[in-house]
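Okay everyone, thanks for coming. I'd like to walk you through a few residues, so let me put the structure up.

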Amino acid sequence: MRTPPKQTSGTNVWLYCLFVLALSFFTYVFHYQYPANPFWDEPYHIASAEKYLSGVFFMEQHPPLGKLLIAAGEYLVDGNDDDRRFIVSDYATNIPEDFNFAGHRLFPTLLGWLTAPVLFWIFLLFTRNSVMSALLSFLYVFDNAQIVHSRGAMVDSPLTFFGFLTLLLLLLVMRTDKKDLRMLGVLSLLAGLSFGAVMTTKLVGLVFILVFVWALWSLRASAPRMLTFVLCSLVGFVFVFVSVWHTHFSLGKAVQPTLSNEGYYQSSEAGKAHIQAGTSGSWSAFPTMLLDAMGYVSHYNKGVPRLDLCKENENGSPSFFWPIGAKTINYRWATDGSGFTRYLYLVPNPIGWMLGFAAVLLSSAFLLSSWLLGSKINLVHKNEMLMLLALYWGYMIAVSQLGRVMYLYHYFIPLNLSFLLVGLVLLNIMKIGKHTVTENSRVTLTVILCFAVFFSYQLYRPLSYYQPISDEQVEDRALLPLWELRCASCKRTNSIVVPKS
């Protein structure tokens with residue numbers, strides 16, 4: 001099997017990593033507290049964070065870690081004098097104009113930012129080329145949709161960070177020296193810790209279990225290595241999973257009667273008894289409290305509406321629309337009557353998303369060709385390509401089976417997997433027409449593609465940073481009708497269904 005060229009000697013890998021880190025700081029972090037207004041799910045998560053800070057018991061559809069991080073950010077920044085104003089409900093209404101969002105948005109923003117160097121290192125494992133890896137990181141660094149969503153007090157950027165950190169660590173596990181059990185153990189422990197963070201942030205992260213199965217299969221020739229991997233990763237996972245849930249139960253001891261079921265939500269009688277006795281954080285109560293929390297997820301999702309594309313205000317979209325960027329979501333808008341409007345719009349970088357989906361299709365074609373033609377086609381990193389495709393399609397098939405409404409940002413995990421596939425596809429392009437693709441020409445091609453991503457980001461930048469833009473300029477950026485990207489005063493249209501008035 002062909003392998004990519006070795007890393008150029010003397011190249012300062014860390015310098016390129018710092019370049020990616022600095023570049024993504026200005027797209028993901030800089031001035032992240034603006035606008036000082038809530039958008040999308042922030043009112044839910046801010047209300048949950050205040051319950052943690054005030055010691056109030058509550059239940060929620062997502063596991064605790066994302067909301068604990070939001071609360072931790074507010075605890076560290078301490079930007080608001082009163083952290084009890086929203087504990088009376090599960091949704092923060094009437095947020096005052098002087099409310100400080102810097103703390104609540106801190107960790108989602110930081111983890112959105114730190115995902116960039118994680119992806120850089122994964123690209124580097126594949127390409128062994130620092131320049132190419134830094135350029136391929138542009139796909140994430142300049143993705144408008146992930147930028148705007150990561151800068152809010154929401155849980156998707158922590159999920160993305162921990163998910164791809166898990167993937168990076170497991171790729172390193174599969175590359176460890178066969179005799180180095182100590183390094184294998186350390187990396188396996190870290191992968192288990194990271195996956196524990198995934199599964200205590202959002203349940204859709206379960207798809208990364210496929211990488212553990214893949215890693216275990218790659219170690220099958222050595223029983224000691226398999227045993228080391230299983231034990232160390234399991235210890236790491238259990239430690240995080242138990243610690244996060246125990247923290248959640250320990251913080252929630254007070255009952256707020258204005259909340260669901262007089263503040264007890266769907267707690268069992270045994271769970272209520274622990275809460276009333278103040279023992280919800282005890283280890284003896286842990287199994288009962290955990291079962292109640294898991295039961296609430298099923299209860300909550302039964303009440304979530306199904307997708308209805310005919311609804312005038314429907315923001316959801318079917319999963320088969322996501323690869324083309326549909327449907328975009330207007331998170332927030334404000335106008336001052338000057339003819340210009342400010343938007344926070346969940347809209348993709350069309351060049352980046354197009355490249356990602358093209359890479360999914362091309363890599364699928366490459367693998368199919370290699371199976372049909374056998375040794376006539378040798379692919380670089382064939383196993384990794386197959387693994388990423390299994391993750392991509394596994395996730396897409398799984399979410400397509402869910403009955404509840406889903407949104408474009410649920411595509412972020414497969415989107416970033418498609419970005420990684422862009423790198424693998426570029427490594428496997430050997431000819432363009434009659435021209436042989438050399439290492440230098442491959443880098444040149446990457447430069448062209450990634451600067452196209454940058455210019456596309458600039459085009460949609462006003463919609464990502466709440467900058468004034470005219471109605472005509474918004475309409476001009478509606479690349480596809482299915483995006484339903486429109487100005488605030490424009491009527492909704494759909495080329496497939498007729499929206500109800």
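**Three residues to look at**

Let's start with V186, which is partly exposed, since its relative accessible area is 42%. To be called buried, a residue has to come in under 20%, and exposed means over 50%, so V186 sits in between. Keep in mind that this is a predicted model. You'll find V186 in helix 9, which covers residues 181-199. If you look for V173, that residue is 13 places away from V186 in sequence, and the two C-alpha atoms are 9.1 Å apart in space.

Next up, N129. Is N129 buried or exposed? Well, its relative accessibility is 11%, so N129 counts as buried. As for where N129 is, look at the loop that links helix 4 (106-127) with helix 5 (130-136). And the N129 side chain has a partner: there's a polar contact to the side chain of E439, at 3.2 Å.

Okay, last one: D143. This residue is also in a loop, the one between helix 6 (138-141) and helix 7 (144-150). Now, which side chain of opposite charge is nearest to D143? That would be R151, but R151 is 13 Å away; D143 is buried and has no salt bridge. What D143 does have is a polar contact, side chain to side chain, with W353 at 2.6 Å.

And who else does D143 touch? Leaving out residues up to four places away in sequence, the contacts are Y28, F138, N349, L415 and, again, W353.

That's my tour, so over to you for questions.

Definitions and conventions:
Residues are numbered from 1 along each chain as its sequence is written. This is a predicted model: local features need pLDDT of at least 70, side-chain atom pairs count only at pLDDT 80 or more; totals for chains, interfaces and linings use all residues. Side-chain values use heavy atoms; hydrogens and water are left out. Helices (H or I, at least four residues) and strands (E, at least two) are DSSP runs, numbered from the N terminus. Buried means under 20% relative accessible area, exposed over 50%, partly exposed in between (1.4 Å probe, protein chains only). Lys and Arg count as positive and Asp and Glu as negative; His and the chain ends are not counted. A salt bridge is a side-chain nitrogen of Lys or Arg within 4 Å of a carboxyl oxygen of Asp or Glu. A polar contact is a pair of N or O atoms within 3.5 Å; within protein, one must be able to donate a hydrogen and the other to accept it, and residues adjacent in sequence count only if both atoms are side-chain atoms. Contact means heavy atoms within 4.5 Å.
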